[in-house]
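Colleague: Could you take me through the reading of ligand sites and domain contacts in a model?

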Amino acid sequence: MKIFVTVKRVPDTGVPLRVKSDRTGIDREGLPYVINPYDEYATEAALRIKEKIGDGEVIAVSCGTEDSIETIRHALAMGADRGVLLKVNDEITDSVQTADILSDYLKSENPDFILMGKKAVDYDRGLVPAYLSEKLGFPLETCVTNMEIKDSGFVLERETEYGVEIIEARSPLIISFEKAKFEPRFPSLRGVMMAKKKPVDVNEISNLPANSTNILSYEPPPERKKGKIIDLPFPDNVKELVKLLKEESKII
Amino acid sequence: MNTGVFVEHDGKEFKKVSLEALGGVSKIASEKSGKTFAFLFGEIENPERLLSKGADKVYYFKGQNLYIPETFTKLIQEKIESENINLFICGSTINGRDLAARICAKISASFGEEIVDFKIEGDKVHVKRPVFAGKAYVWEELLREKVVVVIRPNVFQVVEKEGKGDVEEKEIEDVDRLKLKDLKPKEEEEPDVTEADIIVSGGRGVGGPQGFEPLRKLARVLKAALGASRAAVDAGWIDHSHQVGQTGKTVSPSLYIACGISGAMQHLAGMRTSKVIVAINKDPNAPIFEIADYGIIGDLFEIVPALEEEIRKAG
Ligand SMILES: Cc1cc2nc3c(=O)[nH]c(=O)nc-3n(C[C@H](O)[C@H](O)[C@H](O)COP(=O)(O)OP(=O)(O)OC[C@H]3O[C@@H](n4cnc5c(N)ncnc54)[C@H](O)[C@@H]3O)c2cc1C
Ligand SMILES: Nc1ncnc2c1ncn2[C@@H]1O[C@H](COP(=O)(O)O)[C@@H](O)[C@H]1O
């Protein structure tokens, strides 16, 4: 059983970002990076499949610059067996380009499962899983929130606005994960040590596929004016708030 | 430019964001002289209602009210080809985003996720959308001939117009997704946070599952939806479907009342575009006050019931 998990290196979401003054991108100076949080759920799911089945290989794949090896190592420290970097010289901002590179690689690898995040939290698209599904001809379930492994196959849960879908699934399959009901494990110290010895293949991507979008400019989000603290004793502060909502912002 | 719109519904009402898709973006497209096709699946009464919301023609595929992505994709793809549709739009819901990505991949289109603005420059579609969880926006040129976009709720306008056109009805025959075994409906009929005009939201400060009760009461008076921070969800006090933020829902209501929420970056990612933000927190240094329009420093268990009372009085 070959279980692939795709992992992307993204800026840590807990820190502020600045748009460069010439609006051509974000200021990456000193920015901390993490593994895309949804990809952590995918990695956890991959490890659980392997543990349950009792054999198989979990392979962490990332497309990116040399720095993405760090992200692959995170998956290895969690327990993945080996890594593959599809190396490009500059960061790709187009999900279709990424999907083309990933599918070119994966199509000759005979995966049983490809586990992914529902979206990468940098460019926030959520497109790569669908493109891979189309290119590889694998069925796809997106935004999966839970996974149970039974002898007969897998039972997936997918939460929508209408309720929880219960889906029976088997390989080959692509699954993209939402924040799941299970928690990704933290790499142990031993895991981190072992990860350093696990193999990471580097495949140079020399010919970039065509892009489908072109980012013209970046803007900071609209400024929010710092509002007022209603500095009155209780319950006058509550009365004042209701008055402001009624008369100033005319909402209630 | 011909436009197609995926219209979602719960069996009774159309999703507001689907009507916003029909109204908002299709209007720009129709100024470029084209037709707007609505795609409707499942079962709902009076599908012709869509003709007064901006659709020129409704393709109504009748069947069970279940989401069957492979089948929907195939049926829509056929019409995209036969009706020469260049722009396909979904509202930002779980299934809307899923379908949009599948169709995009199927027809090799360019993709605009969660857009908040839209224009046509020459023969190219340009979209504005948030990236990095709302910490920046980009204007993006969609290079391919066909484009698929997903619109953010509460951004585009629903239109009312004179209904012309027709509804073409067909039964769904081949259902690919037999692997869908069950749909457990929601237990409680609570308003969905992504569509609500007002949200009352609670964080770790509510202290436990019962701590949401005063918020629920306030929400009822305001006809609001109930939101939550991840801390409250992870503690098991409320269901994940209520979570607002980067790993939860993105919302932009007219009014967002944050109670006992500190205002972490990942929470702000989901609600910073709300029109008016109210923060109730006992810590004067909580970062939520940095972006709140109105703040009250105090104990939410005192403030929230009083607020409910006061709003009730004000009628
Ligand atoms: C990858 C990732 C994704 C994340 N995604 C999300 C997300 O989608 N949504 C999200 O919300 N968070 C998310 N987080 C978590 C986020 O970083 C914060 O931990 C979380 O938002 C904190 O929730 P909180 O404000 O409820 O809790 P706290 O930060 O603990 O704040 C509680 C607040 O309540 C106040 N308080 C306590 N008692 C009272 C009282 N009686 N009356 C009034 N005020 C009171 C306190 O002063 C405090 O400010 C994510 C984190 C990571 C790493
Ligand atoms: N450069 C990349 N390398 C590896 N996986 C990626 C990359 N980009 C996207 N993915 C995977 O595809 C998912 C969706 O990404 P996206 O469609 O770009 O939002 C992510 O959660 C990853 O699992």
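Modeller: The discussion below takes up the two ligand sites and then the domains of chain B. Please note that this is a predicted model.

Colleague: Which residues come nearest to ligand 1?

Modeller: One begins with the surrounding shell. Around ligand 1 there are 26 residues, and those that come nearest are Arg204(B), Ser229(B), Thr247(B), Ser262(B) and Gln266(B). The site is shared between chains, because residues from chains A and B surround ligand 1. By residue class, this shell holds seven nonpolar, 14 polar and five charged residues.

Colleague: Which helices of chain B each supply at least two residues of that shell around ligand 1?

Modeller: In chain B, α5 (230-234), α6 (265-271) and α8 (300-314) each do so.

Colleague: What polar atoms lie opposite the nitrogen and oxygen atoms of ligand 1?

Modeller: Here one separates backbone from side-chain partners. A polar backbone atom of Val244(B) is 2.8 Å from a nitrogen atom of the ligand. From the side chains, His267(B) places a polar atom 2.8 Å from an oxygen atom of ligand 1, and Asp299(B) places one 2.9 Å from a nitrogen atom. On its own, ligand 1 has 990 Å² of accessible area, of which the protein covers 78%.

Colleague: How is the shell around ligand 2 made up?

Modeller: The same reading applies. The shell around ligand 2 comprises eight nonpolar, seven polar and four charged residues. In total 19 residues surround this ligand, the closest being Thr6(A), Asp39(A), Cys63(A), Gly126(A) and Leu127(A). At least two shell residues come from each of β4 (57-64), α3 (95-106), β6 (113-117) and α4 (128-136) of chain A; β4(A) gives the largest share, three residues.

Colleague: Which residues of chain A offer polar atoms to the oxygen atoms of ligand 2?

Modeller: Ser95(A) has a side-chain N or O atom 3.0 Å from an oxygen atom of ligand 2. Polar backbone atoms of Ala120(A) and Lys119(A) lie 2.8 Å and 3.5 Å, respectively, from an oxygen atom of the ligand. Of the 480 Å² that ligand 2 exposes when taken alone, the protein buries 98%.

Colleague: How should one read the domains of chain B?

Modeller: One asks where the domains are, then what joins them. The assignment gives domain 1 (2-171) and domain 2 (198-314) in chain B, with C-alpha centres 32 Å apart. Eight residues from each of these domains of chain B take part in the contact. About 590 Å² is buried between the two domains of chain B, with 52% from carbon and sulfur atoms. Ala133(B), Arg152(B) and Asn154(B) supply 58% of the area that domain 1 of chain B buries against domain 2, more than any other three residues.

Definitions and conventions
Residues are numbered from 1 along each chain as its sequence is written. Chains are lettered from A and ligands numbered from 1 in the order in which they are written. This is a predicted model: local features need pLDDT of at least 70, side-chain atom pairs count only at pLDDT 80 or more; totals for chains, interfaces and linings use all residues. Side-chain values use heavy atoms; hydrogens and water are left out. A residue is near a molecule or strand if one of its heavy atoms lies within 4 Å of it. A polar contact is a pair of N or O atoms within 3.5 Å; within protein, one must be able to donate a hydrogen and the other to accept it, and residues adjacent in sequence count only if both atoms are side-chain atoms. Accessible areas come from the Shrake-Rupley method with a 1.4 Å probe; for residues, only the protein chains shown count as cover. Helices (H or I, at least four residues) and strands (E, at least two) are DSSP runs, numbered from the N terminus. Ala, Val, Leu, Ile, Met, Phe, Trp, Tyr, Cys and Pro count as nonpolar, Asp, Glu, Lys and Arg as charged, and the others, Gly among them, as polar. Domain bounds come from an automatic or database domain assignment. Contact means heavy atoms within 4.5 Å. Buried area is the accessible area (1.4 Å probe) that two parts lose on being put together, summed over both.
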